[in-house]
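Colleague: I'm new to this one. Can you walk me through it?

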Amino acid sequence: MAAARGGYTRSLAGRGLFVSFEGIDGCGKTTQITLFLARLREMGIEPVRAQEPGGTPVGSLIRGVLLDSANANMDPRTELLLYFASRAQNVAEVIRPAVKAGKLVVSDRFTDSTVAYQGHGRHLGEDIVFRLEEIACDGIRPDLTLWLDLDPVKARSRVRSRTDRMEVGQDHMEVQPLEFFERVRRGYASIHRAEPSRVRRIDAEGPPEAIAESILRLVLPRISHLRKDLV
Ligand code: Z5A
């Protein structure tokens with residue numbers, strides 16, 4: 001039987017909370033995560049930050065391989081397996097223990113990235129991603145996903161101005177053509193349609209502070225049990 005979206009076996013609901021941020025490169029995830037973590041700390045919540053690919057010593061090594069522009073010809077299935085190898089380590093070492101201990105975990109990307117980038121962007125399809133998810137994620141999935149949606153043309157111009165400003169080269173993914181990011185964006189739209197209550201679409205245009213406010217409005221009702229400023 002083919003694996004399907006939502007076919008998870010175990011839930012940690014009722015303990016901590018697992019929130020992921022998603023979107024195409026340049027949508028402003030890093031900016032928003034930084035603002036979000038600062039607001040959480042003001043509320044007395046000490047979140048655990050996770051990152052994909054990476055976030056653990058093993059994951060950082062895998063991240064180096066994945067994003068190295070020298071590996072631009074990597075086979076899409078090799079790429080897919082490496083993203084899940086990094087994720088399996090992240091789940092075992094960081095995410096599962098933190099959620100189990102009642103913490104709020106904030107992850108920069110998770111399996112939805114693989115559905116969007118490898119499933120849609122690389123044309124591997126969603127089924128293969130869900131099959132590997134069963135093996136790698138041990139039933140772990142985000143309780144809430146914030147999808148920062150931005151037109152790929154605008155996202156690309158943000159990335160280019162950052163690259164110029166910081167005088168750094170583009171990585172393996174950033175050099176993909178615009179059509180690739182359009183497919184990835186359609187992948188996110190498909191995930192959002194399939195799971196609208198978990199995956200919330202955030203308009204990623206406009207001033208960062210206004211976007212941060214709309215994110216906070218969505219998350220606050222879900223984290224009141226973790227807030228020390230309400231006690
Ligand atoms: N990937 C995958 O293919 N499959 C997977 O399963 C996973 C990942 C997990 C990870 O790269 C790559 O791996 C990613 C997908 C792939 N590749 N791509 N493309 P990463 O971790 O190095 O980078 P990233 O996750 O794509 O994000 P980023 O480069 O850090 O960008 P961002 O977080 O989306 O944006 P930002 O850094 O917050 O902002 C970008 C610029 O825009 C910056 O100069 C900001 O100052 C500016 N900005 C931010 N917000 C605004 C607003 N609101 N207005 C104007 N300007 C703004």
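Modeller: Here is a short tour of helix packing, a covered helix and some ring pairs. This is a predicted model, where local features need pLDDT of at least 70, side-chain atom pairs count only at pLDDT 80 or more, and totals for chains, interfaces and linings use all residues. Residues are numbered from 1 along each chain as its sequence is written, and side-chain values use heavy atoms, with hydrogens and water left out.

Colleague: OK, helices. At what angle do the axes of α3 and α5 cross?

Modeller: Roughly 30°, and the axes come within 10 Å. Helix α3 covers residues 76-100 and helix α5 covers residues 126-136. The two are therefore roughly parallel to each other (angles under 35 degrees count as that).

Colleague: Which residues of α3 and α5 make the contact?

Modeller: From α3, Arg77, Leu80, Leu81, Phe84, Ala88 and Val91. From α5, Ile128, Val129, Leu132, Glu133 and Ala136. Contact means heavy atoms within 4.5 Å.

Colleague: New topic. How many residues of helix α4 are buried?

Modeller: Ten of the eleven, so α4 (residues 111-121) is largely enclosed by the rest of the structure. Buried means under 20% relative accessible area, with a 1.4 Å probe and protein chains only. Among the buried ones are Asp112, Val115, Tyr117 and Gly121.

Colleague: What covers the buried residues of α4?

Modeller: The cover includes β1 (17-22), α3, α5, β4 and α7.

Colleague: And what comes just after α4?

Modeller: Histidine 123, with a positive phi of about 65°.

Colleague: Now rings. How many aromatic pairs does the structure hold?

Modeller: Six. Rings of Phe, Tyr and Trp (its six-membered ring) pair if their centres lie within 6.5 Å. One pair is tryptophan 147 with tyrosine 188: the centres are 6.1 Å apart and the planes at 25°, so the pair is stacked (planes under 30 degrees apart).

Colleague: Where in the chain do those two sit?

Modeller: They link distant parts of the chain. Tryptophan 147 is in strand β4 (residues 144-149), tyrosine 188 is in helix α7 (residues 178-194), and they are 41 residues apart.

Colleague: Is tryptophan 147 buried or exposed?

Modeller: Buried, with a relative accessible area of 5%. Tyrosine 188 is buried too, at 2%.

Colleague: What about phenylalanine 180 and phenylalanine 181?

Modeller: Those two pair edge-to-face, 5.3 Å centre to centre with 90° between the planes (over 60 degrees counts as edge-to-face). Both are buried. Ring pairs also link Tyr117, Phe180 and Phe181 into a cluster.

Technical notes. Axes fitted to C-alpha atoms, helices over the stretch in contact; angles between N-to-C directions. Helix = DSSP H or I, 4+ residues; strand = E, 2+ residues; numbered from the N terminus. Parallel < 35°, antiparallel > 145°, perpendicular 65-115°, else oblique. Buried < 20%, exposed > 50% of the residue type's maximum accessible area, 1.4 Å probe, protein only.
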